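The following exercises are to be worked through with the structure at hand. Each task is followed by a solution in steps.

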Amino acid sequence: IYHFGAETPLGVNEVMTEVGLESDKWFTETHSSRGHAIHAELASIARGCEPFQFLDPDLVGWVTSGRNYIAELLADGAVILGVEAMRYHPLYKYCGTIDLVVFYRGYEIVCDWKSGKASKVTRFKLAAYDLLLGPTANSKPRKRMAVEVQEDGSKAKEVPYNTVEHFQDGNMFLAFLSTARAKKLYSPKT
């Protein structure tokens, strides 16, 4: 555990769980293990490494979908800026690991891999990651999207969070962060 001053920072996923928007109970061990394995393989591919030699055959479709997504981005001029990028926000004192950051068509884009459908709270997690990265180099707003990789290996689906509807997502995450901290500090211990 990392300690920054007297306070241990909360992770993005921990914040979402603490305020009741996510729960480990919602995912079976199989789903959780699958997601971790797919993330690890796609991180390896995005870093330009050879695919894992002993990939579980049940994961091949999802990995193929993600690998093709990365290949299409790179073929169209995208530049990978970060893979599994761990960040800490010194002002808000929270941390998170960002799946993929690319520079594409004049914009930085934060991507979050999903081996199922993006949940309703994915938008807030992506906004949290956006805040962790700070201002962009070119002063343009950063784009955010979930990338749903497909079990059958077909084309990955982008779920963007860049409309006016998503403008306050970062502020919502900060409200969740404040609530999570308060719950940790003031809730009765069981």
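**Exercise 1.** In this predicted model, determine which residues Ala85 is in contact with, leaving aside its neighbours within four places in sequence, and decide whether Ala85 counts as buried or exposed.

*Solution.*
Step 1. Ala85 is located in strand E2, which comprises residues 79-89.
Step 2. Once neighbours within four places in sequence are set aside, the contacts of Ala85 are Gly96, Thr97 and Ile98.
Step 3. Buried means under 20% relative accessible area. Ala85 has a relative accessibility of 8% and therefore counts as buried.
Step 4. For Ser154, the separation from Ala85 is 69 residues in sequence and 26 Å in space, taken from C-alpha to C-alpha.

**Exercise 2.** Identify the buried residues of H5 and explain why they lie on the same side of H5.

*Solution.*
Step 1. H5 contains 18 residues, and its first and last C-alpha are 25 Å apart, close to the expected 26 Å.
Step 2. The buried residues are Asp169, Gly170, Phe173, Leu174, Phe176, Leu177, Ala180 and Arg181.
Step 3. Because these residues cover an arc of only 160 degrees around the axis, they are on the same side of H5.
Step 4. The elements that cover the buried residues of H5 include E1, H1, E3, H4 and E5.

**Exercise 3.** Describe the second largest pocket and its lining.

*Solution.*
Step 1. The second largest pocket holds about 400 Å³ of space.
Step 2. It is lined by 18 residues, of which Asp130, Arg142, Arg144, His166 and Phe167 are the closest to its centre.
Step 3. Helix H4, strand E5 and helix H5 each give two or more residues to this lining.
Step 4. Sorted by class, the lining has eight nonpolar, six polar and four charged residues.

How values were computed. Residues numbered from 1 in each chain as written. Predicted model: local features only at pLDDT ≥ 70, side-chain atom pairs only at ≥ 80, totals over all residues. Heavy atoms only, no water. 1 Å grid on protein atoms, 1.4 Å probe; cavity = no way out; pocket = protein on both sides within 12 Å on 5 of 7 lines; lining within 4 Å. Points joined across faces, edges and corners; volume = space filled by probe spheres on them. Helix = DSSP H or I, 4+ residues; strand = E, 2+ residues; numbered from the N terminus. Nonpolar A, V, L, I, M, F, W, Y, C, P; charged D, E, K, R; others polar. Expected span 1.5 Å × (residues − 1). Buried < 20%, exposed > 50% of the residue type's maximum accessible area, 1.4 Å probe, protein only. Arc of directions from axis to C-beta. Contact = heavy atoms within 4.5 Å.
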